[in-house]
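Hi everyone, thanks for coming. Let me put the structure up on the screen, and then we can walk through some of it together.

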Amino acid sequence: MNEPTRADRLAGCLLGTAVGDALGLPRENLSPRRAAKLFPGPVRHGLVPAVRSVGGSRWRGMVSDDTEHTLLSALALIEEPADPARSARALARRLKWWLAGGPAGAGKATLKACGKLCCGVPPSCSGVNSAGNGPTMRAAILGAFFADDPDRRRAFAEVSARITHTDPRAVAGAQTIAHAAALAVCPSPRQSPAATLAALIEETTEPALQIVLETVAAALARGEDGRALAEASGWPRGGPSGFVLHTVPAALWAWLAGEPAETADDVRGGIERALSLGGDADSTAAIVGGLAGCAGGTAAIPADWREGLWEWPRGAEWMRRCAAELASAADASAERRAAALGELRVPPGAVPARNAAFLVVVLAHALRRLGPPW
Ligand SMILES: [Mg+2]
């Protein structure tokens with residue numbers, strides 16, 4: 001099989017993030033036990049009720065902040081692909097508009113930081129002292145873009161993280177996921193899961209992160225399942241929470257725990273393993289989908305999941321166009337990049353309208369959770 005092109009890997013990252021997010025969202029913050037009862041099969045129950053088609057029932061799903069912030073990061077990279085501080089300002093401006101569009105949900109720290117941005121606080125001071133996983137969920141695309149440029153990868157991941165989160169663990173978590181994406185992009189020779197984890201442990205300077213990554217390495221070496229990892233990690237309610245020291249090991253375990261032959265680009269297996277962990281399932285599954293999508297490109301995304309993505313105005317086709325523009329952004333002139341951003345602009349009012357529809361769907365799911373099976 002041909003190696004995916006750079007544009008296709010970037011598209012795989014965006015689409016993989018989206019399908020993981022959409023599949024994980026209905027299960028967000030459910031215990032693994034309750035999630036398994038409510039959603040017995042990952043593809044049968046998306047966020048939007050499945051509709052019958054000639055071929056049987058089809059999964060439909062919508063995305064949340066994980067994908068939205070990944071897409072905004074991609075746009076900020078197209079605008080400013082070389083200078084971290086300028087790129088941070090480009091992302092911060094988009095985060096302000098994201099908040100103004102009325103998102104149905106987001107982490108507390110991210111909401112607070114975006115509120116500060118809206119009040120005129122510069123992105124260098126807007127971050128709050130939180131170790132939530134907000135920066136981690138948008139980091140894979142940075143690593144995929146700067147796969148061959150470790151200095152820029154670290155710098156961009158840091159400034160991106162610090163717009164919303166200043167805790168060093170949140171920054172280190174984002175840098176680790178960006179590094180993982182860079183390793184996923186490098187085609188050959190494909191590293192073993194143990195070697196990938198060893199490289200990630202060696203790269204990070206954050207001791208708390210090293211400890212949880214060692215736990216994943218041990219779980220992989222022993223071939224343990226998600227339940228054993230949850231016990232060894234001491235996750236509350238059995239699943240990873242939105243704490244970055246839960247999210248990063250959960251996502252990396254899910255990404256790397258498959259059979260060796262299908263590890264790095266196994267989007268379906270990786271996302272299903274992330275879903276099986278429960279907890280903050282949309283974020284862990286989004287990160288895994290992004291990493292596996294980097295490795296395998298769009299061909300690695302199961303066709304039924306890609307087609308089931310129920311998104312507008314930034315749907316699968318928009319993500320492909322965004323990835324194509326991003327792939328050439330580093331070498332494109334400022335005029336060309338501005339024209340690309342113009343072509344990617346969505347109609348005024350489209351995002352708030354989409355968010356209103358999304359809110360209705362989320363509320364319906366919240367009500368559904370009150371009912372059986374418990
Ligand atoms: Mg989310």
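Which residues lie nearest the centre of the largest pocket? They are Leu72, Trp97, Arg314, Val346 and Val351, out of 30 lining residues.

Before going on, a word on the source. This is a predicted model, where local features need pLDDT of at least 70 and side-chain atom pairs count only at pLDDT 80 or more, while totals for chains, interfaces and linings use all residues. Residues are numbered from 1 along each chain as its sequence is written, and side-chain values use heavy atoms, with hydrogens and water left out.

Back to that pocket. By pocket I mean, on a 1 Å grid over the protein atoms alone, an open set of points where a 1.4 Å probe fits, with protein on both sides within 12 Å along at least five of seven lines; lining residues have an atom within 4 Å of a point. The volume is about 730 Å³, counted as the space filled by probe spheres set on the points, which are joined across faces, edges and corners. The lining has 19 nonpolar, three polar and eight charged residues. Here Ala, Val, Leu, Ile, Met, Phe, Trp, Tyr, Cys and Pro are nonpolar, Asp, Glu, Lys and Arg are charged, and the others, Gly among them, are polar. At least two lining residues come from each of H3, H4, helix H17 (316-329), H18 and helix H19 (350-370). Helices are DSSP runs of H or I, at least four residues, numbered from the N terminus.

The second largest pocket holds about 570 Å³. Of its 32 lining residues, Glu28, Asn29, Gly105, Ala106 and Asp282 are the closest to its centre. H19 gives the most to this lining, six residues. The split here is eleven nonpolar, 14 polar and seven charged.

Now to H4, residues 84-100. Its 17 residues should span 24 Å at 1.5 Å a residue (times one less than the number of residues), and the end C-alpha atoms are 24 Å apart, which agrees. At its N-terminal end, Asp83 is the cap, with a side-chain oxygen 3.2 Å from the backbone nitrogen of Ala85. After H4 comes Gly102, with a positive phi near 75 degrees. Among the buried residues of H4 (under 20% relative accessible area, 1.4 Å probe, protein chains only) are Arg94, Leu95 and Trp98. The buried residues of H4 pack against helices H3, H5, H8 and H18.

Conventions:
Buried < 20%, exposed > 50% of the residue type's maximum accessible area, 1.4 Å probe, protein only. Contact = heavy atoms within 4.5 Å. Polar contact = N/O pair within 3.5 Å; in protein donor to acceptor, adjacent residues only side chain to side chain.
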